[in-house]
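Here are my notes on the fold, written as numbered points. Have the model open while you go through them.

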Amino acid sequence: MRDTVKHQGLRNQLASVLKNKGITDEKVLDAIRAIPRHLFIDSSFEDHAYQDKAFPIAAEQTISQPYTVAFQSQTLQIAKGDKILEIGTGSGYQTAVLLEMKALVYTIERQHELFKKTSLFLPKLGYYPKKFIFGDGYKGLPEEAPFDKIIVTAGAPFVPKPLMAQLKIGGMLLIPVGDQKQIMTLFIRKSNKEFEKHELGDFSFVPMLEERS
Ligand code: SAH
């Protein structure tokens, strides 16, 4: 599949849609304008790529809705050089947004099929995370901690303690918490023991599952 002027036009439109929904961080909008989302989904569904909708990918998972990706990226105030842990690589689209924003990304996926596919695919587009990990995001990545930001892109039934522990002081964990629907929840680490909690509204994610498969 190719990237064309038509795709670029559709991406610009998608960025306007997101702007109208409240995304104001120009770096996020620039990333949306830059990344060929149609290459992240099956070519027969190319027409859906620039609608603001989630979409099925392999292994019964989904590529998150662009608004959700933009919202999470904006909330985390991604800055150049931020060290970020991402739980739920999936299609790699959110990973690409973080990389476009010049973050250093460590990304974990528990589904082997997706891990394999995406770790081959992203470098083809010129996106290089620091590490792709096939593992269980509930455990985080203690050997690379602490992180400036941790982003979870699957619905978590509870907040995994290891993720809290792997945040820098001043760092942020953004995680959708809940079973059927999730509440987007932001934790800011104020000190070793203190976390400030903000609830940022309802979202809908595929469930975060334990262990690798
Ligand atoms: N950011 C991705 C979202 C994919 S959906 C995208 O936009 O494409 C959520 C992903 O989280 C799925 O790929 C799922 O397999 C993965 N996942 C679920 N539980 C996980 C866990 N415990 N550890 C790591 N990844 C997990």
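1. Start at Leu174: its bridge partner in S8 is Leu186. S7 and S8 (residues 182-189) are antiparallel, with six bridges between them. Pairing here needs at least two bridges found by DSSP, and the elements are DSSP runs numbered from the N terminus, with helices being H or I of at least four residues and strands being E of at least two. Another pair on these strands is Val177, which stands opposite Ile183 in S8. The two strands make a hairpin with four residues between them, and in that turn Gly178 has a positive phi of about 145°.

2. Before going on, the ground rules. This is a predicted model, where local features need pLDDT of at least 70 and side-chain atom pairs count only at pLDDT 80 or more, while totals for chains, interfaces and linings use all residues. Numbering starts from 1 along each chain as its sequence is written.

3. Leu174 has a neighbour on the other side too: Ile151 stands opposite this residue of S7. The strands involved are S6 (residues 147-152) and S7 (residues 167-177), which pair in the parallel sense over four bridges. Phe147 has Leu167 in S7 as its bridge partner.

4. Going the other way, S8 and S9 run antiparallel and are joined by seven bridges. A hairpin of five residues links them. Phe187 has its bridge partner in S9, namely Lys197.

5. How does the whole sheet line up? Seven strands make an open, mixed sheet in the order S5-S4-S3-S6-S7-S8-S9. S5 (131-134) and S9 (195-203) are at the edges with a single partner strand each, so one side of each has no neighbour in the sheet. From one strand to the next, the twist averages 15°; axes are lines fitted to C-alpha atoms, for helices over the stretch in contact, with angles from 0 to 180 degrees between N-to-C directions.

6. At the S5 end, have a look at helix H5 (residues 112-124). H5 lies across S4 (104-109) and S5, and runs at about 160° to S5.

7. Now the H1/H2 pair. The axes of H1 (residues 5-20) and H2 (residues 26-34) come within 8 Å, crossing at roughly 150°. That makes the two helices roughly antiparallel (under 35 degrees is roughly parallel, over 145 roughly antiparallel, 65 to 115 roughly perpendicular, the rest oblique). From H1, Arg11, Asn12, Leu14, Ala15, Leu18 and Lys19 meet Leu29, Ile32 and Arg33 of H2; contact means C-beta atoms, placed from the backbone, within 7 Å. By class, this contact has five nonpolar, one polar and three charged residues.

8. Last, the ligand. Which residues come nearest? Of the 24 around the ligand, they are Gly88, Gly90, Ser91, Gln94 and Gly137, where near means a C-beta atom, placed from the backbone, within 6 Å. The elements giving two or more residues to this shell are S2 (62-63), H4 (93-100) and S4. The shell divides into ten nonpolar, ten polar and four charged residues; Ala, Val, Leu, Ile, Met, Phe, Trp, Tyr, Cys and Pro count as nonpolar, Asp, Glu, Lys and Arg as charged, and the others, Gly among them, as polar.

Methods: Two residues are in contact if their C-beta atoms, placed from the backbone, lie within 7 Å.
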